[in-house]
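Colleague: Could you take me through this model? I would like short answers.

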Amino acid sequence: MSSDVWSFAVDQDGLVIAEGPDGVEENVRLAFETLVIPFGTRAARVEDFLREWRRMTRDLGFGYTLGTSAAAVKRIDADHV
């Protein structure tokens, strides 16, 4: 498992702003931010998404896509999303 750390803040408009670890490309940061925006500040929504992500990994292996209304992520292999 990667030790990369992401941090999140809420801006003046109430949107979640993501900040990735050093070296993360801006398009990756923006894609991740777009994915998490619908979660807002509701931890239960994030927990539901992660629960589903883990279930799909267990049931489907790799190559699946999971998304929100704002963006989707695709699991390519154990180290790449």
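**Fold and core**

Modeller: The protein chain has two helices and four strands. Helices (H or I, at least four residues) and strands (E, at least two) are DSSP runs, numbered from the N terminus. This is a predicted model: local features need pLDDT of at least 70, side-chain atom pairs pLDDT 80 or more, while totals for chains, interfaces and linings use all residues. Residues count from 1 along each chain as its sequence is written, and side-chain values use heavy atoms, without hydrogens and water.

Colleague: In what order do the elements of the protein chain run?

Modeller: Start at the N terminus. Two strands precede the helices, and two strands follow them. The order is β-β-α-α-β-β.

Colleague: What share of the residues in the protein chain is buried?

Modeller: Buried means under 20% relative accessible area (1.4 Å probe, protein chains only). The protein chain has 81 residues. The buried share is 21%.

Colleague: Which helix gives the most to the largest nonpolar core?

Modeller: A nonpolar core is a set of buried Ala, Val, Leu, Ile, Met, Phe, Trp, Tyr and Cys residues joined through side-chain atoms within 4.5 Å. The largest has eleven residues, among them Val16, Leu35, Phe49, Trp53 and Val73. Helix 1 (26-36) and helix 2 (43-60) each supply at least two of them. With three residues, the top contributor is helix 2.

Colleague: How many negative side chains does the protein chain have?

Modeller: Lys and Arg count as positive, Asp and Glu as negative; His and the chain ends are left out. The positive side chains number 9. The negative ones number 14.

Definitions and conventions:
Buried means under 20% relative accessible area, exposed over 50%, partly exposed in between (1.4 Å probe, protein chains only). The place of a charge is taken as NZ of Lys, CZ of Arg, CG of Asp or CD of Glu.
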